[in-house]
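User: I would like to go through this structure with you, starting with how its helices are arranged. Could you take my questions one at a time?

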Amino acid sequence: MISIGTYCEVWKAARTFALTPEQQVSPLAARPYDLRHAAVSLWLNAGVAAPDVAERAGHGVDVLLKVYAECIDGGTEIANWRIEDALAA
């Protein structure tokens with residue numbers, strides 16, 4: 001069994017290796033549990049309807065949008081592209 005201290009040290013090293021400097025100072029993947037946030041945020045970012053994501057994650061839509069929607073990395077840029085595309089159509 002791996003101790004929690006060892007696990008956290010490896011997680012911290014992995015973040016340093018895998019993330020940009022801007023992402024490293026953000027809360028992105030700060031804890032292993034944040035992978036769940038990343039998955040749920042990815043589904044939202046991919047355009048999966050909030051009620052479907054909430055059901056898959058075992059949450060209500062209100063919890064989903066309150067807790068997980070803020071974890072979307074790059075969400076503003078994607079939203080801007082979608083708005084521009086809609087205005088151009």
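User: At what angle do helix α3 and helix α4 pack, and how far apart are their axes?
Analyst: Please keep in mind that this is a predicted model. Helix α3, residues 34–45, packs against helix α4, residues 50–57, at an angle of about 155°, and their axes are 9 Å apart.

User: Are α3 and α4 roughly parallel or antiparallel, then?
Analyst: Angles over 145 degrees count as roughly antiparallel, and α3 and α4 are therefore roughly antiparallel to each other. Their crossing is right-handed.

User: Which residues in α3 and α4 meet?
Analyst: From α3, the residues are R36, V40, W43 and L44. They meet A50, V53, R56 and A57 in α4.

User: How do the residues of that contact of α3 with α4 divide by class?
Analyst: Six are nonpolar and two are charged, with no polar residues in the contact of α3 with α4.

User: Moving on to α4 and α5, at what angle do they pack?
Analyst: The angle between α4 and α5 is about 90°, with their axes 9 Å apart. These two helices are therefore roughly perpendicular to each other.

User: Which residues make the contact of α4 and α5?
Analyst: On the α4 side they are A50, P51, V53 and A54, and on the α5 side V61, L64 and L65. By class, the contact of α4 with α5 has seven nonpolar residues, no polar and no charged.

User: What about α3 and α5: how far apart are their axes?
Analyst: The axes of α3 and α5 are 11 Å apart, and the helices pack at an angle of about 110°. That angle makes α3 roughly perpendicular to α5.

User: Which residues in α3 and α5 meet there?
Analyst: R36, H37, V40, S41 and L44 in α3 meet L64, V67 and Y68 in α5. The contact of α3 with α5 divides into five nonpolar, two polar and one charged residues.

User: Now the core. Which residues make up the largest nonpolar core?
Analyst: The largest nonpolar core has eight residues in all: V40, L44, A50, V53, A54, A57, L64 and Y68. Two or more residues of this core come from each of α3, α4 and α5, the last of these spanning 61–68.

User: Which element gives the most to this core?
Analyst: That is α4, with four residues. As general background, nonpolar side chains tend to be buried together in soluble globular proteins.

User: Different topic: D52. Where is its place, and what is its relative accessibility?
Analyst: D52 is in helix α4. Its relative accessibility is 41%, so D52 counts as partly exposed. In space, the C-alpha atoms of D52 and L87 are separated by 27 Å, and these residues are 35 residues apart along the chain.

User: And where is the place of G58?
Analyst: G58 is in the loop between α4 and α5.

User: Does G58 count as buried or exposed?
Analyst: G58 counts as exposed because its relative accessibility is 62%. The C-alpha atoms of G58 and P21 are separated by 33 Å, with the two residues 37 residues apart along the chain.

User: Last one: in which helix is W81?
Analyst: W81 is in helix α6, which covers residues 75–88. With a relative accessible area of 48%, W81 is partly exposed.

User: How far apart are W81 and R56 in space?
Analyst: From C-alpha to C-alpha, W81 and R56 are 27 Å apart, while in sequence they are 25 residues apart.

Key. Residues numbered from 1 in each chain as written. Predicted model: local features only at pLDDT ≥ 70, side-chain atom pairs only at ≥ 80, totals over all residues. Heavy atoms only, no water. Axes fitted to C-alpha atoms, helices over the stretch in contact; angles between N-to-C directions. Parallel < 35°, antiparallel > 145°, perpendicular 65-115°, else oblique. Left-handed = near helix turned anticlockwise from the far one by under 90°. Contact = heavy atoms within 4.5 Å. Nonpolar A, V, L, I, M, F, W, Y, C, P; charged D, E, K, R; others polar. Core = buried A, V, L, I, M, F, W, Y, C linked by side-chain atoms within 4.5 Å. Buried < 20%, exposed > 50% of the residue type's maximum accessible area, 1.4 Å probe, protein only.
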